[in-house]
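Student: Could you take me on a close tour of one helix pair and what lies around it? I'd like the packing first, then the neighbouring pieces.

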Amino acid sequence: MRASTEVGAVLARESLHAALADPALEAINFLNEVIDRHPTAISFAPGAPFAELLPDLDLGSRFDRYIAHLREARGFDDARIRRHLYQYGPSRGLINDLLAESLRRDEGIEVDPDDLVVTAGCQEALLLVLRALCRDASDVIAVVNPCFAGIAGAARLLNVPLLPVQECGDDLDWEQLETALRAEREAGRRVRGLYVAPDFSNPSGAVLGLEARRRLLALAQREDLLLLEDNAYAFTAADGSGIPSLKSLDSDRRVVYLNTCAKICLPGARVGFVVADQIVVDAAGRRSRLADELATLKSMVTVNTSPIAQAFVGALLLEAGGSLAELARDKAARYRSNLRHLLGALERELTPQPGEVRRVSWNRPAGGFFVSMKLPVAADADLLAHCAAVHGVLWTPMRFFHIDGGGAQALRLSCSYLTHEQIDVGVRRLAGFLRDHRVGGFAPAQALEGVVS
């Protein structure tokens with residue numbers, strides 16, 4: 001219990017790292033905690049997996065399954081098994097061979113297991129990559145904007161400047177990107193990489209087309225930068241409809257590939273990974289891979305990713321025939337079903353009534369977890385509190401995902417972990433919220449002649 005009076009050291013907030021006051025660092029805690037603050041509300045806030053699709057832990061049998069793999073496929077004896085599973089384990093990871101095989105089967109990505117580093121979720125992978133690439137304050141990372149809050153937060157913690165590149169539907173503002181790169185170069189700064197989530201990005205659900213992907217790869221080679229590809233939601237594409245990942249199109253080692261097992265295995269295991277097969281050459285001409293450098297950094301951050309968690313994920317992979325795509329198949333179908341249901345409910349509940357004009361709009365992604373909605377007013381914390389207390393529904397302000405101050409009048413809806421029935425109830429509540437006088441999402445038609453919703 002916290003003491004009622006303060007004693008001892010008192011720290012001025014201004015004396016702590018400036019990132020602690022940055023909204024980017026609020027976002028992930030907000031997503032994790034908002035449900036607890038409003039337990040009776042229907043929450044479209046966090047992008048959590050659907051609970052009924054999470055596997056039974058059954059740790060004993062899965063641990064045995066993975067140990068059998070170590071004996072049969074890798075020739076480990078009992079002493080080596082105990083050392084790898086019960087001690088700290090290698091910083092690079094333990095299930096690299098299984099992940100490399102899955103990438104080969106699922107995406108046609110040929111990668112040596114030593115070019116992978118297994119991380120404590122994708123968030124650690126982002127942190128390690130930014131730390132490795134950005135030597136000092138003259139190094140910059142470009143980011144497709146809006147973006148996953150984790151990349152903005154990691155950059156803020158490391159004092160890495162971010163350069164926003166505007167997302168334009170399912171494309172990029174290429175003119176802005178080229179102009180920004182030229183301006184940074186002329187100012188004596190190096191743009192080391194461009195962070196992009198080309199498949200059903202969080203938060204917008206956008207998908208970059210094949211032509212745009214090839215254009216990005218050509219730009220990366222021309223500008224001598226790396227593409228940091230976040231592939232967390234590509235698995236939700238309908239069978240046969242997916243576009244090849246940037247890494248599978250990469251013939252020049254320009255892509256650092258980041259992914260997570262959280263959405264298709266178990267979030268609590270905290271297992272992500274990064275493929276970093278770029279060549280590193282030191283002043284003496286000695287050669288290594290970027291993955292080697294990331295493993296070195298990891299040894300000073302988390303030491304290693306839990307071998308127990310890796311063994312569990314490894315066993316799930318083995319059960320699925322060594323394919324993350326196969327492991328994800330039933331989950332992907334569920335998420336597509338949820339997304340279709342959400343979009344249908346929005347259209348049904350938010351169709352203007354006679355005499356009304358709808359003043360809200362939303363996108364219609366074909367995959368991923370998220371729908372973004374534009375409002376005629378600021379979607380801030382005050383409005384969210386009102387929505388939760390009065391209407392019993394939660395969402396996430398889009399400002400969390402913009403690094404340029406944008407997104408003030410937009411919100412994100414996540415449908416991944418809700419049932420169809422909860423989505424129906426939540427959208428009905430959302431419709432009531434949008435008809436609230438504080439929101440003005442609907443207005444008398446005669447007052448808004450010529451307005452297109």
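Tutor: Sure. One convention first: angles under 35 degrees are called roughly parallel, over 145 roughly antiparallel, 65 to 115 roughly perpendicular, and the rest oblique. Keep in mind, too, that this is a predicted model.

Let's start with the pair itself. Helix α13, residues 381-391, packs against helix α14, residues 420-434, at an angle of about 120°, and their axes are 10 Å apart. With that angle, α13 and α14 are therefore oblique to each other. As for the handedness, α13 passes α14 in a right-handed crossing. On the α13 side the contact is made by Leu 383, Cys 387 and His 391, while α14 brings Arg 429, Gly 432 and Phe 433. Sort the residues of that contact by character and you get three nonpolar, two polar and one charged.

His 391 deserves a look of its own. This residue belongs to helix α13, and with a relative accessible area of 18% His 391 is buried; the cut-off for that word is under 20%. If you skip its neighbours within four places in sequence, His 391 touches His 386, Arg 429, Gly 432, Phe 433 and Asp 436. Among these, Arg 429, Gly 432 and Phe 433 are the α14 residues of the helix contact.

Now for the sheet. Four strands make an open sheet, ordered β13-β14-β17-β16, with antiparallel pairing. The edges are taken by β13 (361-362) and β16 (396-397), each with a single partner strand, so one side of each has no neighbour in the sheet. Look at the β16 edge: two bridges join β16 to strand β17, residues 410-414, and these two run antiparallel. There you can pick out Pro 397, which stands opposite Leu 411 in β17. Helix α12, residues 324-349, lies across β13, β14 (370-374) and β17, and runs at about 25° to β14.

One last stop, elsewhere in the chain: helix α6, residues 149-157. Seven of its nine residues are buried, so α6 is largely enclosed by the rest of the structure. The buried ones are Ala 149, Gly 150, Ile 151, Ala 152, Gly 153, Ala 154 and Ala 155. Just after α6 comes a backbone detail worth finding on your screen: Asn 159 takes a positive phi of about 60°.

Note on methods
Residues numbered from 1 in each chain as written. Predicted model: local features only at pLDDT ≥ 70, side-chain atom pairs only at ≥ 80, totals over all residues. Heavy atoms only, no water. Axes fitted to C-alpha atoms, helices over the stretch in contact; angles between N-to-C directions. Left-handed = near helix turned anticlockwise from the far one by under 90°. Contact = heavy atoms within 4.5 Å. Nonpolar A, V, L, I, M, F, W, Y, C, P; charged D, E, K, R; others polar. Pairing = 2+ DSSP bridges. Buried < 20%, exposed > 50% of the residue type's maximum accessible area, 1.4 Å probe, protein only.
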